[in-house]
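Visitor: I have just opened this structure and would love some help finding my way around. Could we go through it together, one question at a time?

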Amino acid sequence: MQTRITKIDRDKPEMLEIRCHSISDEVREIIAFVKSRQGQLTGTADERQYEISISDIFYIESVDNKAFIYTKSKVYETRQKLYELEEMLKEKHFLRVSKSTLLNLMKVSAIKPALNSRFTAVLFSGEQIVITRKYVPELKKALKGDS
Amino acid sequence: MTVKEFIISRVQIFFFLVTLILTASAVMGLVYQPDMELRYYHFFSPILIAACCVLPTCVTYYKKEPTVRQYIIRQIIELILIELAVMFLITPPEEIEKLLFYLVLGAVIAVIYILTMVMMWLQKVQQSKKLTEQLQNLQNNLAK
């Protein structure tokens with residue numbers, strides 16, 4: 001795929017146009033990346049596509065190689081992989097807290113102890129997410145402002 | 001769990017055990033032999049017993065994160081190993097019936113072990129309070 005960048009005047013709106021033969025996974029990935037930079041992710045629910053604001057996301061979970069976006073009241077499926085989302089959202093205060101979960105730290109109301117060197121993140125929605133031992137040092141680092 | 005993390009946890013258990021064994025010795029001594037005089041070398045006993053209790057618990061090392069059920073089973077195994085180690089190390093005084101002595105000793109060890117776990121849990125509660133505080137600071141700073 002060729003890339004072409006054209007400088008435009010400040011009074012004109014910026015736009016990204018993709019010209020492609022078909023909407024492949026690669027194209028979808030590019031679209032998802034651009035949207036995430038703009039603070040949005042694309043997800044499907046009830047066979048419809050939705051634009052989800054990143055600030056509305058509580059956590060993202062991977063189940064059987066599929067990633068699901070959880071907001072306060074809805075769950076969306078996304079085509080992106082958890083590691084791609086982790087990379088995209090690390091500057092938006094999303095943190096990997098277990099092998100399968102990416103947590104939005106802005107949606108956590110408290111951290112509580114759990115058995116087995118784990119912690120539990122209590123979300124503003126009341127849901128509880130397990131923070132496994134392996135990811136506790138990363139959490140401490142993020143909260144200290146090291147990352 | 002890495003070997004380093006495991007060693008740190010064993011050192012933690014060791015110090016908790018020293019404190020609690022010392023307390024238990026004082027209590028049992030007051031009950032059974034209140035007139036007995038101690039020499040300075042007796043103060044090494046809690047350290048030696050705690051060290052001997054920690055060593056067998058090294059078999060509970062795990063690399064992969066266990067489930068809650070596996071974790072509880074491991075804790076029970078750990079307690080049994082500690083009980084056996086102490087019972088092997090301490091011989092009952094002649095004037096006390098053996099069975100009664102071992103029963104009391106077993107109960108005291110179980111209490112000490114549970115207290116150790118409670119202390120470690122309280123430490124974790126403290127840690128999570130600190131994390132929550134840091135989290136709230138982060139959220140407040142970003143909201144400004």
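Visitor: In which strand of chain A is the place of Asn104(A)?
Guide: Happy to start there, and please keep in mind that this is a predicted model. Look for the stretch of chain A that covers residues 101–104. The strand that holds Asn104(A) is E7.

Visitor: Is Asn104(A) buried or exposed?
Guide: A residue counts as buried when its relative accessible area is under 20%. Asn104(A) has a relative accessibility of 3%, so Asn104(A) is buried.

Visitor: Which residue has its backbone oxygen 2.8 Å from a polar atom of the side chain of Asn104(A)?
Guide: Leaving aside residues up to four places away in sequence, Asn104(A) touches several residues, among them Ile54(A), Ser55(A), Phe58(A) and His93(A). Another residue that Asn104(A) touches is the one you are after. The backbone oxygen at 2.8 Å from that polar side-chain atom belongs to Ile57(A).

Visitor: Where does His93(A) lie, and is His93(A) buried, partly exposed or exposed?
Guide: His93(A) sits in the loop between helix H2 (82–89) and strand E6 (94–98) of chain A. Its phi is near 65 degrees, a positive value in a residue other than glycine. With a relative accessibility of 24%, His93(A) counts as partly exposed.

Visitor: Phi of which residue is near 50 degrees, a positive value in a residue other than glycine?
Guide: Go to the loop between strand E3 (59–63) and strand E4 (66–70) of chain A. The residue there is exposed, with a relative accessible area of 72%. The residue with phi near 50 degrees is Asp64(A).

Visitor: How many residues apart in sequence are the parts that Asp25(A) and Arg79(A) tie together?
Guide: The side chains of Asp25(A) and Arg79(A) meet in a salt bridge, 3.2 Å from N to O. Asp25(A) belongs to helix H1 (residues 25–37), while Arg79(A) is in the loop between strand E5 (75–78) and H2 of chain A. Both residues are exposed. The parts that this pair ties together are 54 residues apart in sequence.

Visitor: Which residue is linked with Asp25(A) and Arg79(A) in a network of salt bridges?
Guide: Side chains of opposite charge can pair when their charged atoms come close. In this network, Asp25(A) and Arg79(A) are linked with one other residue, Arg28(A).

Visitor: Glu86(A) forms a salt bridge with which residue?
Guide: Glu86(A) lies in helix H2 and its partner in strand E6 of chain A, so the pair ties together parts 10 residues apart in sequence. Glu86(A) is partly exposed, at 27% relative accessible area, whereas its partner counts as buried at 14%. The closest N and O atoms are 3.2 Å apart, and the partner is Arg96(A).

Visitor: How many helices and strands are there in chain A, and how many in chain B?
Guide: From the N terminus on, the elements of chain A run α-β-β-β-β-β-α-β-β-β-β-β-α, whereas chain B follows the pattern α-α-α-α. That gives 3 helices and 10 strands in chain A, and 4 helices and 0 strands in chain B.

Visitor: How many residues of chain A are in contact with chain B, and which element gives the most to that side?
Guide: In all, 25 residues of chain A are in contact with 24 residues of chain B. Strand E8 (108–113) and helix H3 (136–144) of chain A each supply at least two residues of the side that touches chain B. With 6 residues, the element that gives the most is E8(A).

Visitor: Which three residues supply 30% of the area that chain A buries against chain B?
Guide: The two chains bury about 2,200 Å² between them, 61% of it on carbon and sulfur atoms. Three residues of chain A supply more of its share than any other three: Asn116(A), Arg133(A) and Leu143(A).

Visitor: How many salt bridges does the rule find across the interface of chain A and chain B?
Guide: The side of chain A that touches chain B has 13 nonpolar, 5 polar and 7 charged residues. Between the chains, 5 residue pairs are in polar contact, both residues at pLDDT 80 or more. For salt bridges across the interface, the count is 0.

Methods:
Residues numbered from 1 in each chain as written. Chains lettered and ligands numbered in written order. Predicted model: local features only at pLDDT ≥ 70, side-chain atom pairs only at ≥ 80, totals over all residues. Heavy atoms only, no water. Contact = heavy atoms within 4.5 Å. Buried area = accessible area lost by both parts, 1.4 Å probe. Salt bridge = Lys/Arg side-chain N within 4 Å of Asp/Glu carboxyl O. Polar contact = N/O pair within 3.5 Å; in protein donor to acceptor, adjacent residues only side chain to side chain. Nonpolar A, V, L, I, M, F, W, Y, C, P; charged D, E, K, R; others polar. Buried < 20%, exposed > 50% of the residue type's maximum accessible area, 1.4 Å probe, protein only.
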